[in-house]
Amino acid sequence: MRHRLPPVLRLRAFALLWTSLLANGFASQMIVVAIGWQVYSINHRPLDLGLVGLAEFLPLPILALPAGQLADRMSRRTVAAVAGGLTVLIAGVLLLITASGTTDKLWPFLVVGLLTGITSAIGNPASRALTPELVPTELLQSAIALRSVAGQIGVVVGPAVGGLIYVVEPVAVYAIGGALLTVALIATLALPKTVLRKQIDAPVTREELLGGIHFIRETRVVLGAIALDLVAVLFGDAIALAPVFAKTILEGGPVVLGALRAAPSVGALTGALLIARRPLPFRAGPTLLVVVATFGAATIVFGLSKSLPLSLLMLAITGFVDMISMNIRATAVAVMTPRSLQGRVASVEMVFISASNELGAFEAGGMASLLGTVRAVVLGGALMIGFAATWPRIFPELSQLGRLDELESPGE
């Protein structure tokens, strides 16, 4: 059985990290469903859901630079384990709130959202930097794909399981979620102890604190890949308008909405599984531009579609090609970034990704209000095709990027 596993999963260290990511992602998605239902039930205001999301996002831009510095100056396993322990405590707090019957007030959930954002901001750079630290360069593309598999399994299955458990007993969602988060913590603690970063006792300088920003700015391939992902998500976030398509255009209900939201994750999971088994054999630069253009084309068809099967297919295609794009970006960044900078670069990249997701949903809603839903989505898809066509002129280094398995790591 072991010989059937992808080679990277035969590495004990990465198998433990993957187990931690899988348990964490599954538990988090279960808990998100329960929190969303409880928060909306207080005042029946969508704004309350947005406030919780804002509370989770606010710590990220504030703590990103110091969190990246922390991940590069301490054992990344230790930092990730501390963050994992805090998530277990947060699940315990939610369990107490629910068991005590104090779910009729919004402020406890806002506090929990803020604590979750702080924990995520601190732990994510160290967790993301662990992959290139534990995995040899030749297996890194497969490892990043499997990391995505763990996340997508949580996105596809976690909400459904969390919803079913919530119907039976709300407290059980947080109890089971806390147990899974404990499994994730144990797996993290079982990782090999990493060597402390250099200059651990030296004071933090401004140059060191901004090291991730300087590296991204000076490395045109990395800057081009991150910037392309930013504009693609910013202008191509059609899934944010899924409720409008489900109810008004496709004339469906909650089941149709759930199917639309799940379709990109199904496509992404399929893509991640294929890449994990067989890394991309093509030149990364041209492939990245092609998949971004394909994302745009599928978005246009989705915007014009009045057929549910066609809409689901187009969304699945967007998820599939987006996974390829993400894998190229993440692998290139991980391989080309010196190990001593992995945490700081990951923290800056995380701000870009999170900001593009939040702003993308806002942009989609604003454009839909101005132009109409269909026109806004079609325009977003056309812009993505335009970006893919013009990007080689702006970042020629990115368009000339070769195969990912031929990239060389700079080491420290």
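Phe-387 touches Leu-228, Val-231 and Phe-235, leaving aside residues up to four places away in sequence. This is a predicted model, and that holds for everything below. Find Phe-387 in helix α16, which covers residues 373–394. Now look for Leu-289. It sits 98 residues from Phe-387 along the chain. Yet the C-alpha atoms of Phe-387 and Leu-289 are separated by just 8.6 Å.

Next, turn to a pair of helices. Helix α4 runs over residues 76–99, and helix α5 over residues 107–134. Their axes are 8 Å apart and make an angle of about 155°. Angles over 145 degrees count as roughly antiparallel. Therefore α4 and α5 are roughly antiparallel to each other. The crossing of α4 past α5 is left-handed.

Which residues of α4 and α5 meet? On the α4 side they include Val-79, Ala-83, Leu-86, Ile-90, Val-93 and Ile-97. On the α5 side they include Phe-109, Val-112, Leu-115, Thr-119, Ile-122 and Ala-126. The contact of α4 with α5 has 16 nonpolar, 4 polar and 3 charged residues. Arg-76 and Arg-77 in α4 and Glu-133 in α5 are among the residues in this contact. A helix rule helps when you read such lists. An α-helix has 3.6 residues a turn, so residues three or four places apart point the same way.

Stay with α5 and check its length. It has 28 residues, so at 1.5 Å a residue it should span 40 Å. Its end C-alpha atoms are 40 Å apart, which agrees. There is also a kink in α5, of about 35°, at Gly-123. The proline Pro-125 follows shortly after that kink.

Now move to helix α6, residues 140–168, and helix α14, residues 308–336. Their axes come within 9 Å and cross at roughly 130°. Angles from 115 to 145 degrees count as oblique. Therefore α6 and α14 are oblique to each other. Their crossing is right-handed. From α6, the residues in contact include Leu-140, Ile-144, Arg-147 and Gln-152. From α14, they include Met-323, Met-326, Asn-327 and Val-335. By class, the contact of α6 with α14 has 8 nonpolar, 5 polar and 1 charged residues.

Helix α6 has another partner, helix α7, residues 170–189. What is the angle between α6 and α7? It is about 135°, and the axes are 5 Å apart. That angle makes α6 oblique to α7. Gly-162, Ile-165, Tyr-166 and Val-168 in α6 meet Pro-170, Ala-172, Val-173 and Ile-176 in α7. The contact of α6 with α7 has 7 nonpolar residues, 1 polar residue and no charged residues.

Definitions and conventions:
Residues numbered from 1 in each chain as written. Predicted model: local features only at pLDDT ≥ 70, side-chain atom pairs only at ≥ 80, totals over all residues. Heavy atoms only, no water. Axes fitted to C-alpha atoms, helices over the stretch in contact; angles between N-to-C directions. Helix = DSSP H or I, 4+ residues; strand = E, 2+ residues; numbered from the N terminus. Parallel < 35°, antiparallel > 145°, perpendicular 65-115°, else oblique. Left-handed = near helix turned anticlockwise from the far one by under 90°. Contact = heavy atoms within 4.5 Å. Nonpolar A, V, L, I, M, F, W, Y, C, P; charged D, E, K, R; others polar. Expected span 1.5 Å × (residues − 1). Bend = angle between axes of the 7 residues up to and from the residue.
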